[in-house]
Amino acid sequence: MRKWVLVASVAGLACGGMAEARAPRFAATVVRTAYGIPHVRAANWSGIGYGVGYAYAQDNLCMIAEQFATVAGQRSLYFGPKETTAMGAGRIDNLSSDIFFRSVIDLPALRRGMHAQGPEATQLIAGYIAGYNRLLRDLGPTRVPAGCRGKPWVRPITLDDSLRLNEAVMSLASAFALAPAIVGAAPPGAPHAMATPAGFPDPQRTAIGSNGWAFGGDVTRDGRGLLVGNPHFPWNGPGRFWEMHVTIPGKIDVMGAGLAGSPLPTLGFNHDIAWTHTVTAAQHFTIFQMKIDPADPTAYLIDGKSEKMGRKTVSVPMPDGAAPVERTLYTTRFGPMLAMPAVGLTWSKTQGFSFRDANKGNQRALGTWVAIGQARNAGDVRAAVERTLGIPWVNTIVADRNGDILHADVTAAPNVSIAKAKDCATPLSAFVAQRAVLLDGTRSACDWDNSPGTPVAGLLPASEQAVYARRDYLANSNDSYWLSNPKAPHAILSPVLGPAATERTLRTRSGLIEIERRLSGTDGFPGKQLDRDVAKRMVFANHSLAAELVMDPLLTLCRDGAKPDERIAAACTALGGWDRKFNLDSKGAYLFSTFWLAAQKIPGLWAVKFDVADPVHTPRDLIITGETGAKLTAALAAAAAQLGTEKIALDARWGDVQFAMRGAERIPIHGGDGLIGVLNVAITKPAPGGVELEHGTSYVQIVGFDAAGPIADAVLSYSQSTDPASPYFADQTRLYSAKGWHRLPFTPAQIAADGGNHPIRLSE
């Protein structure tokens, strides 16, 4: 990074003298502290964007440049049509990706609507674009990072690039997740455009998730709010968080993290509040079942009348001078057609399916985050998210210095009431109800309702979404709004907001149990209140609720069950020596993980079924007799056999199995799968000698307050930079591996003490 600082500083100072005489349009000062965190200070919003765009490109140029090519529909041209790219929770071939982005993104509409973000947001974006392009000029072709040096897709960006990227982020939980189904929709008899199978993403295996806890003044040692945020996001690609601190004196002073392209923190803290986000269980789209006109497969009947579908033909450029590939996609009044044959959603001569997205064209989010960054208490945050309905697909969890806390599951959601969902259901609605709300598209009355006061027609008003305001605690781990605090389950709301009065995930239950034990003083540690040190211990405890529920009866099965073979006996011995955690030194954790991820699918495992009156502690009591016991024994034998095939010892140390690669360095990683009831989530893929991190714990922050300001401890698990040549490529990954924390510097004195003594002054 030192060479970057030197180049940027010299170039910035050389240009600065001339620019100041001309009253520069963009100007910022950037100071890097420990772990490469940039502190950007400017006199205005465009200056903040300018400094952030420059610093982000320093750390992640190749990654974000590739993403700009992706959202422009140019992957086939630059990377080949048959190669694949990550999209949503899976992968999609490049041709399908290009067809999707070229068909779904409506640039003219986005250009017309960009001012909906507010003047601060538009200035931030303009500055970000200028800062990114300035870094390219300062580097020149020869100093671009080696990973993308000389690549034609590394180029200056425009407003259109920013608009496309924002639209992709807004639709991560809707159109983006259903891209294969949209691309694959074709009239009966026509060839299908997709090479990637289409289906609903697995809600338990999406690449984004989170834990968010807010503790109020009634349960903290100092009577102030305390926030714990742990988003579970991809470890690779533009879904990675990046730490930053932005300051406009007298207007905003906020620190935290944001995704690729964000010109300010989208979760973090200021002097008075701290906030985090968790991916909501709410659905941000609905599907409409259409009746196809018998006379025309590209027309549909609504209210008894035929209506022609819209057509859009896109042309995707190909590499090596090959002819472009053209595809035609179709839309109804609701939105694009889609097809998922595997779940019965087919486009036939009699029926078809269309899709409406509440986040299409959502350009209110950045303005909402500006308002959150300026908030002075939890009430200010609530007002911002309720007024704008701009938060796309995440809960907002807040703690303030006064000890007030907030959980607002308020997003851009479809305005579909319980009654409408029931009245407009079709025979297929129940079949897909766990994944989507499906409505009757033959009646215009089944479209979303319009309510006065919403910023966009068809959105569910904030008054009909879930908000908790308390002073004890609130928690969310991606289950629905219903059980943020078991003392006060929420009233049942629209089905688009997720299921209520239903079984919670092991991860949700684990978090609530840990909080319950702390506040009752039964967690084995002194006291009953929360502070930052207690929160740190809880976040990285790496307990497994599945182990707590399963291990004792499983070992009883080992001891008292049918005579085991040698392999099962060895597995039982290994599990008997396991500490039931997912720490680096935990021996046998991989065996249990492999066993339980398969065994959890066995029907009828629990003697005590889910009880709506005790949702935190049910279901429980593992059945180990009869057919269930035999299936558990078989699952354990299969897990042991798998480890044998992988040449991994049954009692292998967890840190020797689970790792992250940083260049040639293999860094051991603690934490485990959320399906095992581990809060510190680590989702992996098979790799030689073990498993490698794909997504999970990312930007972890624990934020409280004293009389002077915020006190924040944080760690970014995968580090700031994706460039192997950067000193910030692996430093925080090592810190995270050791369960270390970084006290974030917020005041000028703290910044100077944390190494912030080499300012880069940029202007143009």
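Cysteine 62 and cysteine 148 are joined by a disulfide, with their sulfur atoms 2.1 Å apart. The model is a predicted one, and the count of disulfides in it comes to 3. With the bonded cysteines of the chain numbered in sequence order, the pairing reads 1-2, 3-4, 5-6. Two helix packings, that of α6 with α9 and that of α15 with α17, are also described below.

**Disulfide of cysteine 62 and cysteine 148**

- The torsion about the S-S bond of cysteine 62 and cysteine 148 is about -80°, and the disulfide is therefore left-handed.
- Because cysteine 62 belongs to helix α2 (residues 45-71) and cysteine 148 to the loop between α6 and α7 (159-170), the pair ties together parts that are 86 residues apart in sequence.
- Cysteine 62 has a relative accessible area of 17% and is buried.
- Cysteine 148 also counts as buried, at 0% relative accessibility.

**Disulfide of cysteine 424 and cysteine 446**

- Cysteine 424 is linked to cysteine 446 by a disulfide with an S to S distance of 2.2 Å.
- This link of cysteine 424 and cysteine 446 is left-handed, with -90° about the S-S bond.
- Both partners lie in loops: cysteine 424 in the one between α11 (418-423) and β20 (438-440), and cysteine 446 in the one between β20 and β21 (466-470), so the pair ties together parts that are 22 residues apart in sequence.
- The relative accessibility of cysteine 424 is 4%, which means that cysteine 424 counts as buried.
- For cysteine 446 the relative accessible area is 0%, and this residue is likewise buried.

**Disulfide of cysteine 558 and cysteine 572**

- Between cysteine 558 and cysteine 572 there is a disulfide with an S to S distance of 1.9 Å.
- The link of cysteine 558 and cysteine 572 is left-handed, with -75° about the S-S bond.
- Since cysteine 558 lies in helix α14 (residues 545-560) and cysteine 572 in helix α15 (residues 566-576), the pair ties together parts that are 14 residues apart in sequence.
- Cysteine 558 counts as buried at 17% relative accessibility.
- Cysteine 572 is buried as well, with a relative accessible area of 12%.

**Packing of α15 with α17**

- Helix α15 packs against helix α17 (residues 626-645) at an angle of about 85°, the two axes being 9 Å apart.
- Angles of 65 to 115 degrees count as roughly perpendicular, and α15 is therefore roughly perpendicular to α17.
- On the α15 side the contact involves Arg567, Ile568, Ala571, Cys572 and Leu575, which meet Thr633, Leu636, Ala637, Ala640 and Ala641 of α17.
- By class, the residues of this contact of α15 with α17 comprise 8 nonpolar, 1 polar and 1 charged.
- Cys572 thus takes part in the contact with α17 and is also joined by a disulfide to cysteine 558.

**Packing of α6 with α9**

- Helix α6 (residues 119-139) and helix α9 (residues 365-373) have axes that come within 8 Å and cross at roughly 105°.
- This crossing makes α6 roughly perpendicular to α9.
- Glu120, Ala121, Leu124 and Ile125 of α6 are in contact with Leu366, Gly367 and Val370 of α9.
- The residues of the contact of α6 with α9 divide into 5 nonpolar, 1 polar and 1 charged.

Conventions:
Residues are numbered from 1 along each chain as its sequence is written. This is a predicted model: local features need pLDDT of at least 70, side-chain atom pairs count only at pLDDT 80 or more; totals for chains, interfaces and linings use all residues. Side-chain values use heavy atoms; hydrogens and water are left out. Axes are lines fitted to C-alpha atoms, for helices over the stretch in contact, and angles run from 0 to 180 degrees between N-to-C directions. Helices (H or I, at least four residues) and strands (E, at least two) are DSSP runs, numbered from the N terminus. Angles under 35 degrees count as roughly parallel, over 145 as roughly antiparallel, 65 to 115 as roughly perpendicular and the rest as oblique. Contact means heavy atoms within 4.5 Å. Ala, Val, Leu, Ile, Met, Phe, Trp, Tyr, Cys and Pro count as nonpolar, Asp, Glu, Lys and Arg as charged, and the others, Gly among them, as polar. A disulfide is a pair of cysteine sulfur atoms within 2.5 Å. Buried means under 20% relative accessible area, exposed over 50%, partly exposed in between (1.4 Å probe, protein chains only).
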